[in-house]
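Me: Could you take me through reading a model of a protein chain, beginning with the whole and ending at a single residue?

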Amino acid sequence: MHFIIDSDSGNSIKGWLAPDNPSLTPTIIIIIPGRNEIAVQANVTRAGIRDLGLHSTGLVGFDVNTKIVPDLDQIDDIEIVEAETRLPIYRRLQKGRHIERKMFLFDCSIMPQRRILSAIEKHFTLTYSNSERNGLETTINIISNPFNSSIFISGRSLLSRYDQYLKNKGYVRVALLREPFEELAERLLFLNFLAKEDASSYLETYSTGVTTLIDFARELPLNDPRGLTTAFRATSDQQRRELMSPMTKVFGCDLDEVPKRVHVSKALDNLATIDVVGTRERYGLFKELLSGVLGVDVLGEEGPTSFRTVKGLATTLSRIGLVADLLEEDLALYAYVDEAITEGISHHGGEIRRDVASR
């Protein structure tokens, strides 16, 4: 998907949207709090978009004006989203409420920390979670949005695919890591819950990149250590690939690469360039660093939610050799980062010192 907002003059918002299917005429939805949503089909032909091959007819432009919203020039909070996917396209910046910064939070978790995300999102005009769901072109278009100056993106996207775009567009790049056994325990518990509840819409949202783990998690004997060992022994090649070291994949691997020890060094080198790196276990420090870089405390009083069942399962998983093998790279990566933080020599302005990162 490609989209651009050309202008917002107060009484007119102009732009264009080219959907993934170039033969479809796109529709946008106008959202104004307290009012019914308004659907608007593209009503302006953009020959240049057609000539670029992004759309078959070029009928992708729109002009949201006072004929559609009579008091458009008096509305502070108005948002435009793509009709089918509900992908945000534009939202007016509200001075005093939104900060004019761009931020990408790399978080490898599948289970969303909704309170944390909600606390951050209220400070930005455009927000995108679960970034890994979007294709390459759509994600690059979101990152490169030339009109909006207040954007927050979060998810499990591979750093290698988007880092240069993030740097070029001035994003604050943030990484929040977690102890690997706890990360896996929460992942399995969450997928087990979704699979048993047959929550198909939620599965589609959160299972990108781990689709073969849904059946694995559905039948997993979570309270039986011997049964867990047997289950991990019976995993397929694809399931093992999806279980392997998710943090190393995000920060050290390219697309379709299987995590290996060399990727731990690459991940550490990449993390050394990121603006803020923290762990859930030292969340207070992470919050302090993030506030210092952004100039605003976007987290407020919110913190990560943890469950006793996650801790218990994590302890069980840590005693299974097969699981430790699957997480070998993440265990090494996390140990280096945690050591750097513990020694108090690694963080300066949110960066990991390269002498630690190069191990």
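The dialogue below goes from the overall chain to one threonine and its surroundings.

Reply: This is a predicted model, in which local features need pLDDT of at least 70 and side-chain atom pairs count only at pLDDT 80 or more, while totals for chains, interfaces and linings use all residues. Residues are numbered from 1 along each chain as its sequence is written, and side-chain values use heavy atoms, with hydrogens and water left out.

Me: What radius of gyration does the chain have, and what would a compact globule have?

Reply: The radius is taken over C-alpha atoms, and the globule rule is 2.2 Å times the number of residues to the power 0.38. For 359 residues the rule gives a value near 21 Å, and the chain, at 22 Å, agrees with it.

Me: How much of the chain is buried?

Reply: Buried means under 20% relative accessible area, exposed over 50%, and partly exposed in between, with a 1.4 Å probe and protein chains only. Here buried residues make up 53% of the 359.

Me: Where is Thr 235, and is this residue buried or exposed?

Reply: Thr 235 lies in the loop between α8 (225-233) and α9 (237-243), where helices are DSSP runs of H or I with at least four residues, numbered from the N terminus. With a relative accessible area of 6%, Thr 235 is buried.

Me: Which residues does Thr 235 touch?

Reply: Contact means heavy atoms within 4.5 Å. Leaving aside residues up to four places away in sequence, Thr 235 touches Phe 216, Arg 240 and Leu 243. In addition, a polar atom of the Thr 235 side chain lies 2.8 Å from the backbone oxygen of Phe 232.

Technical notes:
Helix = DSSP H or I, 4+ residues; strand = E, 2+ residues; numbered from the N terminus. Polar contact = N/O pair within 3.5 Å; in protein donor to acceptor, adjacent residues only side chain to side chain.
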